[in-house]
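Trainee: Got a minute to go through this one with me? I'd like to start with the ligand site.
Mentor: Sure, let's pull it up.
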Amino acid sequence: MKKIKNLILKKNKSKIVCLTAYSYNISKILDEHCDLILVGDSLGSVLYNYSSTKEVTLDTMIEHSKSVRKGIKKSIMVVDMPFGTYKTKSLALKNAKLILKKTKCDAVKLEGGEKILSIIKDLIKNKIPVMGHLGILPQTEKKFTFKGKQKNESKRIIKDAKLLESAGVFSIVLECVEGNLSKKITNLIDIPTIGIGSSNHCDGQVLVTDDLLGLNQTNFKFVKKYVDLNKIINKSILNYRLDVKSKKFPKSKQSFFKKI
Ligand code: KIV
């Protein structure tokens, strides 16, 4: 709880750094640099090549989260509740408790505003910290275009953000929300907004780590690729292949021979 209180205190003081992790090796590195690490259900498309996050199961989220947990010492760890796991209050509570118990995460994230408000309120009443998620909602979205183009849509997102804040969420992810709308929401609420494709007006930023590392072959406008790991890995594997074929690997220093 203290970590979450400290995160809220960062609003208007210091930008909040968040990234996704799905395994130990990455979470260990991220923990040195991030305030918050999200085990996102984006792992469905990123790791499993599913066409939608709808296919991600609770078991899959829990297993990856257990791996991520091992790499985290200081950051806040948030786990996405996958599609279908928070349809009703009782189902959400049962599954959120299971996620917290098995993964020792600090909080869960649910997609949506007014429609799932009573479910979120119930989780918070039961002392489960919740992060909100507005804008593009990948679990239910039909069209992946940025949000806030129309007045009605903007009004609804503003209303949802206020409702989520009053329900007690500690932060809200804004996914692909128009820049001026993100600014307005960020100024209207007292909890941090974390943007992905929602301009630098948000209190913090999150990206899918595989995207910024260039492991994913995606080309989203809002991603900045800091390195092309795909290219680097490809070259390394090719060199390995050439070494094996030409018998340059393994050398005697990589082998075990009995002294005669
Ligand atoms: O699933 C995910 O990785 C997310 C981020 C994109 C915010 O929800």
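Mentor: Before we list neighbours: a residue counts as near a molecule if one of its heavy atoms lies within 4 Å of it. And keep in mind that this is a predicted model.
Trainee: Okay, so which residues surround the ligand?
Mentor: Thr20, Leu38, Gly40, Asp41, Ser42, Asp80, Lys109, His133, Val173, Ile196 and Val206. By class, that shell has four nonpolar, four polar and three charged residues.
Trainee: Which side chains have a polar atom by an oxygen of the ligand?
Mentor: Serine 42 has a polar side-chain atom 2.5 Å from a ligand oxygen, and for aspartate 41 the distance is 3.1 Å. Lysine 109 joins in too, with a side-chain N or O atom 2.9 Å from an oxygen of the ligand.
Trainee: And how much of the ligand does the protein bury?
Mentor: 95% of the 260 Å² that the ligand exposes when taken alone.
Trainee: What kind of space is the ligand taking up?
Mentor: The largest pocket.
Trainee: Switching topics: how many disulfides are there?
Mentor: Zero, counting sulfur pairs within 2.5 Å.
Trainee: Why doesn't cysteine 34 form a bond?
Mentor: Because its closest cysteine sulfur, in cysteine 18, is 7.1 Å away, which is too far. Cysteine 34 itself is buried, at 2% relative accessible area.
Trainee: What about cysteine 105, buried or exposed?
Mentor: Buried, with a relative accessible area of 7%. Its sulfur is also too far for a bond, because the closest cysteine sulfur, again in cysteine 18, is 15 Å off.

Note on methods
Residues are numbered from 1 along each chain as its sequence is written. This is a predicted model: local features need pLDDT of at least 70, side-chain atom pairs count only at pLDDT 80 or more; totals for chains, interfaces and linings use all residues. Side-chain values use heavy atoms; hydrogens and water are left out. A polar contact is a pair of N or O atoms within 3.5 Å; within protein, one must be able to donate a hydrogen and the other to accept it, and residues adjacent in sequence count only if both atoms are side-chain atoms. Accessible areas come from the Shrake-Rupley method with a 1.4 Å probe; for residues, only the protein chains shown count as cover. On a 1 Å grid over the protein atoms alone, a cavity is a set of points where a 1.4 Å probe fits but cannot get out, and a pocket is an open set with protein on both sides within 12 Å along at least five of seven lines; lining residues have an atom within 4 Å of a point. A molecule sits in a cavity or pocket if more than half of its atoms lie within 2 Å of its grid points. Ala, Val, Leu, Ile, Met, Phe, Trp, Tyr, Cys and Pro count as nonpolar, Asp, Glu, Lys and Arg as charged, and the others, Gly among them, as polar. Buried means under 20% relative accessible area, exposed over 50%, partly exposed in between (1.4 Å probe, protein chains only).
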